[in-house]
Amino acid sequence: MMREDAIIILNEREPRKAAVAGELQERLTALGITASRLVPDSNTVEIIAARAPLVVVTDYLLENFGTGIDLVQALTANPAPQSSVIFLTEEASVSVAVEAMRLGARDFLCLDAPMVLDRAARAVVDLVSSAALSRHAPPKTSPVLLNDLVFCAPRSVSLKSSVQAFAQR
């Protein structure tokens, strides 16, 4: 199953947040990002684990679930592939923002900030792009050290000695 790019979980009982969620979903779709909306409930963590989105955009207060902090804690405790989390909320509390970032949130955006939907869309695109690059990156390997190489031929042994002497200068 292919991973979904983004899931948007805002408290959509509030008309403003429902409109924000719809607008963000439209912007992401226009940018080529697959995005869906999820109404939070007691199965939210399981649904996210099953869909395995690259990014979760969440509100702080989540109807029928708890808080975005609870969500981040549950997601980081889950062995499923990890999603990057962005908060998009009206909760402009510094303590909430610090706690969210401490738990691993990648961004904390206040709905009242200018151009917040542009910033949110850009953050999602950047995280999706970053995840795509890391999936296709070659595995990290240790560099080969000169002493790790096996030299058998007399000229190779001589070359190794010359390189070692040069490196010690």
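This section describes the fold, the strand pairing and the nonpolar cores of a single protein chain, taken from a predicted model.

The protein chain contains 6 helices and 7 strands, and these elements follow one another from the N terminus in the order β-α-β-α-β-β-β-α-β-α-β-α-α. Of the 169 residues in the protein chain, 40% are buried. Among contacts with a sequence separation of 6 or more, 62% link residues that lie 24 or more positions apart. The area that the protein chain exposes amounts to about 9,900 Å², of which carbon and sulfur atoms supply 58%.

Strand E6 (84-89) is mostly covered, with 6 of its 6 residues buried. Its side chains are divided between two directions, Ser-84, Ile-86 and Leu-88 pointing one way and Val-85, Phe-87 and Thr-89 the other, and residues of both sets are buried. E6 is paired with E3 in the parallel sense over 4 bridges, and within this pairing Val-56 stands opposite Val-85 of E6. E6 is also joined by 4 bridges to strand E7 (residues 107-110), again with the strands running parallel; here Thr-89 has Cys-110 of E7 as its bridge partner. Together with helix H4 (residues 94-102), the strands E6 and E7 form a β-α-β unit that is right-handed.

Helix H1 comprises 16 residues, from 15 to 30, and spans 23 Å between its first and last C-alpha atoms, which is close to the 22 Å expected at 1.5 Å a residue. The buried residues of this helix are Lys-17, Val-20, Ala-21, Gly-22, Leu-24 and Leu-28; the set thus includes a lysine alongside residues such as Val-20 and Leu-24. After H1 comes Gly-32, which has a positive phi, near 85 degrees.

In soluble globular proteins, nonpolar side chains tend to be buried together. In the present model, the largest nonpolar core holds 26 residues, and the members that touch the most others are Leu-24, Leu-28, Val-55, Leu-88 and Val-124. Two or more residues are given to this core by each of strand E1 (6-9), H1, strand E3 (55-58), E6 and helix H5 (116-136), and H5 provides the largest share, with 10 residues. The surroundings of Leu-28 illustrate how segments distant in sequence are brought into contact: when residues up to four places away in sequence are not counted, Leu-28 touches Ala-6, Ile-8, Ile-33, Ala-35, Ala-121 and Val-124. Apart from this core lies another, made up of 20 residues, which include Ile-48, Tyr-60, Leu-62 and Leu-103.

Leu-71, a residue of helix H3 (residues 68-77), was examined individually. Its relative accessible area is 0%, and Leu-71 is therefore buried, given that the term applies to values under 20%. With neighbours within four places in sequence left aside, Leu-71 is in contact with Ile-9, Thr-44, Val-45, Ile-48, Val-56, Thr-58, Leu-62 and Phe-65. Two of these partners, Ile-48 and Leu-62, are among the residues of the 20-residue core, while another, Val-56, is the residue that stands opposite Val-85 in E6. Between Leu-71 and Asp-59, which are separated by 12 residues in sequence, the distance from C-alpha to C-alpha is 9.8 Å.

Terms used: Residues numbered from 1 in each chain as written. Predicted model: local features only at pLDDT ≥ 70, side-chain atom pairs only at ≥ 80, totals over all residues. Heavy atoms only, no water. Buried < 20%, exposed > 50% of the residue type's maximum accessible area, 1.4 Å probe, protein only. Contact = heavy atoms within 4.5 Å. Areas by Shrake-Rupley, 256 points an atom, 1.4 Å probe, with all protein chains shown as cover. Expected span 1.5 Å × (residues − 1). Core = buried A, V, L, I, M, F, W, Y, C linked by side-chain atoms within 4.5 Å. Pairing = 2+ DSSP bridges. Right-handed = clockwise from strand over helix to strand, strands pointing away.
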